[in-house]
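This briefing introduces a structure to a reader who has not met it before. Please view the sequence and the model shown here, then read the points that follow, which are grouped by topic.

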Amino acid sequence: MKLSEIVEWLSECDISSYVIGDETQQIVQVAGLTDAQDGEISFFSDKRRCNELKSTKASAVLITKEMADQTNANKIVVDVPYVAYAYIAQKLNPSKIHPGIHPESFVASSAIIPSSCQVDPGAYIAEGVQMGENCVVNYGSVIEEGTVLGDNCRIYPNVTIMDNCVLGNSVTVESGTVIGGQGFGFANQKGKWIRIPQLGRVIIGSNCWIGNNCTIDRGALEDTVIGDNCILDSLIHIAHNVEMGAGCAAAAQVGIAGSTKIGNYCVFAGQVGVNGHIEIADKAMFNAKSGVTHSIKAPGSYSGFPAVETGSWQKTTVRLKNLEKMSKQIKQLEKELESIKKQLED
């Protein structure tokens with residue numbers, strides 16, 4: 001694409017931009033500042049990397065107006081270079097699709113699969129499955145009875161989507177993930193665990209990304225729900241009947257217990273654990289290893305176990321570092337107080 005064509009493409013993505021330099025420069029790929037070569041475009045968003053910017057061999061750089069004079073390279077001026085980079089990387093590296101159902105796959109007679117879809121060898125598509133246009137089901141994946149996929153879904157190898165689940169448009173599910181497995185529902189009868197059949201579904205909204213080896217359990221009676229535009233990293237567990245709002249993000253090894261209701265645009269850093277049967281407000285952010293034991297009623301940043309406002313947690317952490325010193329000071333004060341008491345009694 002020429003730089004002028006990239007600007008037109010960004011406009012379609014609702015990003016305002018303009019070129020400083022040669023608008024006819026051809027771009028064939030994206031690259032980092034230090035590795036970029038002729039024909040490649042990079043981005044600059046970290047002022048600590050000014051030296052890399054000045055020495056880059058990229059044919060063009062995505063950059064803000066405030067920093068545009070820091071390089072002589074061709075540039076596309078945008079408000080947020082990293083977002084523009086994401087769109088351009090997608091455009092230059094489109095997902096490939098090879099329509100057709102491979103003869104070594106199994107597709108039930110009642111499944112509805114448009115001719116624009118790709119089903120690879122070893123895939124299993126059960127009765128009553130409905131797929132939208134341009135879906136891809138890779139090797140070894142299983143889609144069980146009655147499940148519905150929207151348009152442009154990508155199911156990577158060895159994914160299992162259990163019966164009657166619903167995925168919206170443009171949902172990506174990475175390898176090894178299980179969607180709609182049995183929730184952890186048991187009743188205890190005098191020490192014997194009695195399994196409770198899980199009868200709900202999993203419903204995932206549009207434009208979601210589910211990473212490798214995640215598990216999203218089906219609901220016990222009602223559904224487990226993931227809202228639109230959510231992104232889940234690898235190795236995440238979402239238990240039965242969880243409701244996650246739109247635009248949420250969760251990093252690796254997050255665990256969310258059953259029946260928790262999460263608001264919109266919440267962020268969970270790595271290894272955050274969330275208790276069951278609680279509610280979390282919109283725009284709450286939890287730092288790594290936080291333990292969310294109670295409902296969070298206000299947006300903001302939370303840390304620690306149990307999770308509290310990050311500012312409060314930081315103060316407590318500083319005090320903990322001085323705990324030994326404070327303990328010695330208290331013991332010394334107690335000795336001095338005892339000495340004063342004895343003097344008064346004498």
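In this predicted model, the side chains of E52 and R49 meet in a salt bridge, with N and O 2.6 Å apart. The structure holds four salt bridges, and three of them are described below, including this one. The remaining topics are the largest pocket, a nonpolar surface patch, backbone features and two residues in loops.

**Salt bridges**

- E52, one partner in the bridge with R49, is partly exposed, because its relative accessible area is 26%, a value that lies between the limits of 20% and 50%.
- R49 also counts as partly exposed, with a relative accessibility of 30%.
- A salt bridge also joins R218 and D163, whose closest N and O atoms are 3.4 Å apart.
- This pair links distant parts of the chain, since R218 belongs to the loop between β23 and β24, while D163 belongs to the loop between β15 (160-161) and β16 (166-167), 55 residues apart.
- Are R218 and D163 buried or exposed? R218 is buried, as its relative accessible area is 4% and buried means under 20%, whereas D163 is partly exposed at 27%.
- D223 forms a salt bridge with R201, and the closest N and O atoms of the two are 2.9 Å apart.
- The pair of D223 and R201 likewise links distant parts of the chain: D223 is in the loop between β23 and β24, and R201 is in the loop between β20 (192-195) and β21 (202-204), 22 residues apart.
- R201 has a relative accessible area of 32% and is therefore partly exposed.

**The largest pocket**

- The largest pocket holds about 870 Å³ of space.
- It is lined by 23 residues, of which Q90, S95, S170, T172 and W209 are the closest to its centre.
- Which element gives the largest share of the lining of the largest pocket? Helix α3 (residues 81-92) does, with seven residues.
- Sorted by class, the lining of the largest pocket consists of 13 nonpolar, eight polar and two charged residues.

**A nonpolar surface patch**

- V80, Y82 and V83 form a nonpolar patch on the surface, and their accessible area together is about 290 Å².
- V80 is located in the loop between β5 (74-77) and α3.
- V80 is partly exposed, because its relative accessible area is 48%, which falls short of the exposed class, defined as over 50%.

**Backbone features**

- Most residues other than glycine have a negative phi, and most peptide bonds are trans. The points below describe exceptions to these patterns.
- The peptide bond that joins F305 and P306 is cis, with an omega of about -5°.
- P306 is in the loop between β36 (300-303) and β37 (308-309).
- Y265, a residue other than glycine, has a positive phi near 60°.
- The loop between β30 (261-262) and β31 (267-268) contains Y265, which is partly exposed with a relative accessible area of 49%.
- H277 is not a glycine either, yet its phi is positive, at about 60°.
- H277 is placed in the loop between β32 (273-274) and β33 (279-280).
- Is H277 buried or exposed? H277 is exposed, because its relative accessible area is 67% and the exposed class begins over 50%.

**Two residues in loops**

- L221 lies in the loop between β23 (215-217) and β24 (224-226), which also holds R218 and D223.
- L221 is exposed, with a relative accessible area of 69%.
- The C-alpha atoms of L221 and S290 are separated by 29 Å, and the two residues are 69 apart along the chain.
- K289 is in the loop between β34 (284-286) and β35 (291-292), and at 57% relative accessibility it counts as exposed.
- How far apart in space are K289 and L3, C-alpha to C-alpha? K289 and L3 are 43 Å apart in space, with their positions 286 residues apart in sequence.

Definitions and conventions: Residues are numbered from 1 along each chain as its sequence is written. This is a predicted model: local features need pLDDT of at least 70, side-chain atom pairs count only at pLDDT 80 or more; totals for chains, interfaces and linings use all residues. Side-chain values use heavy atoms; hydrogens and water are left out. On a 1 Å grid over the protein atoms alone, a cavity is a set of points where a 1.4 Å probe fits but cannot get out, and a pocket is an open set with protein on both sides within 12 Å along at least five of seven lines; lining residues have an atom within 4 Å of a point. Grid points are joined across faces, edges and corners, and a volume is the space filled by probe spheres set on the points. Helices (H or I, at least four residues) and strands (E, at least two) are DSSP runs, numbered from the N terminus. Ala, Val, Leu, Ile, Met, Phe, Trp, Tyr, Cys and Pro count as nonpolar, Asp, Glu, Lys and Arg as charged, and the others, Gly among them, as polar. Patches are made of residues with over 30% relative accessible area and no salt bridge: like charges are joined within 9 Å, nonpolar side chains (Val, Leu, Ile, Met, Phe, Trp, Tyr) within 5 Å. Accessible areas come from the Shrake-Rupley method with a 1.4 Å probe; for residues, only the protein chains shown count as cover. Buried means under 20% relative accessible area, exposed over 50%, partly exposed in between (1.4 Å probe, protein chains only).
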